[in-house]
Amino acid sequence: MARSWERMVQRNTKQINQQRKKQGKDSIYASSTKATAKSIDIFKGRNIIFPVVLMLLGIMFWVVGSIDEAKGSGILANWLGVVLYFLLAALLFFRRPFLKVERARISTIKYNRERFLPAADIEKITLSRSVVTIKYKGKRKQWIFSKLINRYDTAAMGERLEQFAKNNNIEVVHE
């Protein structure tokens, strides 16, 4: 009985969504997903320092390889290394770091994975003019978002994190 009921609900939902789509309206469940999407704020930065260091290393290896070109051995390996340094620098430059603030958790990208931190695990948030620091509860770890290193908009980030801290009863320290 329950399975047939579920199939009937799915079939009717599909038909109604098709009708609503023809009328130019959103689907039945679209309003709830839009409400959650509005409560998520994403602050994006830009990696600059590490890609520049990789470019300098690539240039250094290119210069060393061109000086040693008289021998003629290992030219392909040298050029492959230089090209890979440049590609890695481009990859890190175009992959933008971010801070995503949701209703009850925050997330960022660390070590090429998205890491989540629930509001219950945050001890305090420290805000200054150029740095935002989020400290874990009971651990020495902390997330640091810097205007100098990663080009974050720390002023807007600080305002949103203050609101987040107020909603979740987290200590905010201004420096």
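Axes are lines fitted to C-alpha atoms, for helices over the stretch in contact, and the angles between their N-to-C directions run from 0 to 180 degrees. In this predicted model, the axes of helix α3 (residues 49–67) and helix α4 (residues 75–94) come within 8 Å and cross at roughly 170°. Angles over 145 degrees count as roughly antiparallel, and α3 and α4 are therefore roughly antiparallel to each other.

The contact between these two helices involves residues along both partners. On the α3 side, the participants include Phe-50, Leu-54, Met-55, Ile-59, Phe-61 and Trp-62; on the α4 side, they include Trp-79, Val-82, Tyr-85, Phe-86, Leu-92 and Phe-93. Gly-58, Gly-65 and Ser-66 of α3 also take part, as does Asn-78 of α4. By class, the contact of α3 with α4 comprises 16 nonpolar and 4 polar residues, with no charged residues.

A second element of the model is a sheet. Four strands form this open sheet in the order β1-β2-β3-β4, with antiparallel pairing. Strands β1 (41–44) and β4 (113–118) stand at the edges and have a single partner strand each, so one side of each is left without a neighbour in the sheet. From one strand to the next, the twist averages 20°.

The pairing of β1 with strand β2 (residues 98–101) is antiparallel and extends over 4 bridges. Within this pair, Asp-41 has Val-101 in β2 as its bridge partner. Helix α6 (residues 154–168) packs on the sheet, where it touches β1, β2 and β3 (105–110). The direction of α6 makes about 30° with that of β2.

Note on methods. Residues are numbered from 1 along each chain as its sequence is written. This is a predicted model: local features need pLDDT of at least 70, side-chain atom pairs count only at pLDDT 80 or more; totals for chains, interfaces and linings use all residues. Side-chain values use heavy atoms; hydrogens and water are left out. Angles under 35 degrees count as roughly parallel, over 145 as roughly antiparallel, 65 to 115 as roughly perpendicular and the rest as oblique. Contact means heavy atoms within 4.5 Å. Ala, Val, Leu, Ile, Met, Phe, Trp, Tyr, Cys and Pro count as nonpolar, Asp, Glu, Lys and Arg as charged, and the others, Gly among them, as polar. Two strands pair if DSSP finds at least two bridges between them.
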